[in-house]
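User: Could you take a close look at the charged side chains here, and at any odd backbone geometry around them? I'd like one connected walk-through, with the cut-offs spelled out.

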Amino acid sequence: MISDGDQSIYEFMSVVGREIASQDQQLAFQDEKFLSWVARDLQDSLNTEERTQDELDAADFARRALTRLAVRRADRALPRRPLRERSAPVAATIEQSAAVASAHGCATLLDLAVAAGQGREIWDEPCDRWLELPDDIAAGRYVALRVAGDSMTPVLCPREVILIQLESTPRVDDLVVARLPDQSHVVKRVASIKDGSIELASFNPDYQPIFVARDPSPVVGTVIARFTRE
């Protein structure tokens, strides 16, 4: 016999499960036991007030659970690698030095905080540092960016370096660097791609999602590796 309390939890988890499945098709195959574990794992980290609010708002709870799962997937997909950088032989713009850097097994390195701006393209930024590519990453069209801000913590921390594969097609859950309408650049997670827009989300809950037009694509490239100093 199911008690009133158990029935309430069951109904709540049903709502959460439907919300998760509707937002993330990769989780549609997961069973109730898995979804219950996700919910209880997240609930254990909340205080009483937070838990009560979440129980009143299953959709918000589902979004938080999805973010937690996205963090774990990103951590698995992007293991932290040791950062090896060096001075570029000649200071030049990214456009001018990208091919030379690639020929030397490197990628041009730039701070995301200063990556272009009003009236400028990222390719026009001066660059005097290179990132040495790991042996398992083939030479190609890349740019390395040093992360600014805390919107993507705990996956990407300030001053860590990310490697961006240029001219890639973004997919849901990819981490990407995108150019905003004000021409600044951000690194975000693709939370959804619907109709004519792309939803760019942060891992840090203090930051609201950003919605950008899908065409022309604002995505500069996809994050394929992350690096930190040893």
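Analyst: **Charges and backbone quirks**

Asp173 counts as buried, at 17% relative accessibility (buried is under 20% relative accessible area, exposed is over 50%, and partly exposed is in between, with a 1.4 Å probe and protein chains only). Before going on: this is a predicted model, so local features need pLDDT of at least 70 and side-chain atom pairs count only at pLDDT 80 or more, while totals for chains, interfaces and linings use all residues. Residues are numbered from 1 along each chain as its sequence is written, and side-chain values use heavy atoms, with hydrogens and water left out.

Back to Asp173: this residue has a positive phi of about 85 degrees without being a glycine. Asp173 sits in the loop between strand 6 and strand 7 (175–179); strands (E, at least two residues) and helices (H or I, at least four) are DSSP runs, numbered from the N terminus. Asp195 also has a positive phi, near 50 degrees, and is not a glycine either. Asp195 is in the loop between strand 8 and strand 9 (197–201), but counts as exposed at 75% relative accessibility. For context, most residues other than glycine have a negative phi, and most peptide bonds are trans. On the peptide-bond side, a cis bond joins Thr153 and Pro154, with omega about 15 degrees, and Pro154 belongs to the loop between strand 5 (142–146) and strand 6 (161–166). Asp215 and Pro216 are joined by a cis bond as well, with omega about 0 degrees; Pro216 is in the loop between strand 10 (210–213) and strand 11 (219–228).

Now for a lysine worth clicking on. Lys188, in strand 8 (residues 185–194), is buried yet has no salt bridge (a side-chain nitrogen of Lys or Arg within 4 Å of a carboxyl oxygen of Asp or Glu). The nearest side chain of opposite charge is Asp150, 8.2 Å away; Lys and Arg count as positive, Asp and Glu as negative, and His and the chain ends are not counted. What does the side chain of Lys188 make a polar contact with? The partner is the side chain of Ser202, at 2.7 Å (a polar contact is a pair of N or O atoms within 3.5 Å; within protein, one must be able to donate a hydrogen and the other to accept it, and residues adjacent in sequence count only if both atoms are side-chain atoms). Leaving out residues up to four places away in sequence, the residues Lys188 touches include Asp174, Val176, Leu200, Ser202 and Ile210 (contact means heavy atoms within 4.5 Å).

Elsewhere the charges do pair up: the structure holds twelve salt bridges. One of these joins the side chains of Glu160 and Arg80, at 2.6 Å from N to O. Glu160 is in the loop between strand 5 and strand 6 and Arg80 is in strand 1 (residues 80–82), so this pair ties together parts that are 80 residues apart in sequence. Glu160 is buried at 7% relative accessible area, whereas Arg80 is partly exposed at 38%.

Asp111 and Arg146 form a salt bridge too, with the closest N and O atoms 3.1 Å apart. This pair links strand 3 (residues 106–111), home of Asp111, to strand 5, home of Arg146, 35 residues apart. Asp111 is partly exposed at 26%, while Arg146 is buried at 9%. Both belong to one network, in which salt bridges that share partners join Glu85, Asp111, Arg129, Arg146 and Arg159.
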